[in-house]
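Thank you all for coming; I would like to take a few minutes to walk you through a structure that may be new to you. Please have a look at it on the screen before I begin.

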Amino acid sequence: MDIKEQITKVINALTADGKLATLFKTNPSQVVSKILGGGIPSEIIEKIVDGVKAKLKLKAAGDKAEDIAEDAKNALDGLGKLFKK
């Protein structure tokens, strides 16, 4: 079983379904089992859960960095307009 592939599959399912994403926050192992189907050993499920959580944290950090960069650009644009007058 390719764990990276399974992590990607779970992330895609979570981003497509807000209800699953909310449930993932409270019971991640159950959600992963539901998405990938039964019969996966709990050790593998936990590795997938850890991978999904790590990728979601990276995505959130990246989104925040983009927001900060956009705010800085807007502030600099505003300063540029102020000094042109």
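**A walk from helix H4 to the core**

Let me start with isoleucine 68, which is found in helix H4. Please keep in mind throughout that what you are looking at is a predicted model.

Is isoleucine 68 buried or exposed? Its relative accessibility is 52%, and because exposed means over 50%, isoleucine 68 counts as exposed. To place this residue against another part of the chain, we can take alanine 13, which is 55 residues apart from isoleucine 68 along the chain, and the C-alpha atoms of the two are separated by 28 Å.

Staying with helix H4, which covers residues 42–84, we also come to aspartate 71. Aspartate 71 has a relative accessible area of 53%, so this residue, too, is classed as exposed. On the surface, Asp71 gathers with Glu66, Asp67 and Glu70 in a patch of negative charge.

Now let me turn to the interior. In soluble globular proteins, nonpolar side chains tend to be buried together. Here, the largest nonpolar core has 16 residues, and the ones that touch the most other members are Val10, Leu14, Val32, Ile35 and Val52. Which helices supply at least two residues each to this core? They are helix H1, residues 3–16, helix H2, residues 18–26, helix H3, residues 28–36, and H4. Among these, H1 gives the most, with five residues.

As an example from this core, I would pick valine 32, whose place is in helix H3. Valine 32 is considered buried because its relative accessible area is 0%, where buried means under 20%. Between valine 32 and valine 52, which are 20 residues apart along the chain, the C-alpha separation is 9.4 Å.

Notes: Residues numbered from 1 in each chain as written. Predicted model: local features only at pLDDT ≥ 70, side-chain atom pairs only at ≥ 80, totals over all residues. Heavy atoms only, no water. Patch = residues over 30% accessible without salt bridge, like charges linked within 9 Å, V, L, I, M, F, W, Y side chains within 5 Å. Areas by Shrake-Rupley, 256 points an atom, 1.4 Å probe, with all protein chains shown as cover. Salt bridge = Lys/Arg side-chain N within 4 Å of Asp/Glu carboxyl O. Lys, Arg positive; Asp, Glu negative; His and termini not counted. Charge placed at Lys NZ, Arg CZ, Asp CG, Glu CD. Helix = DSSP H or I, 4+ residues; strand = E, 2+ residues; numbered from the N terminus. Buried < 20%, exposed > 50% of the residue type's maximum accessible area, 1.4 Å probe, protein only. Core = buried A, V, L, I, M, F, W, Y, C linked by side-chain atoms within 4.5 Å.
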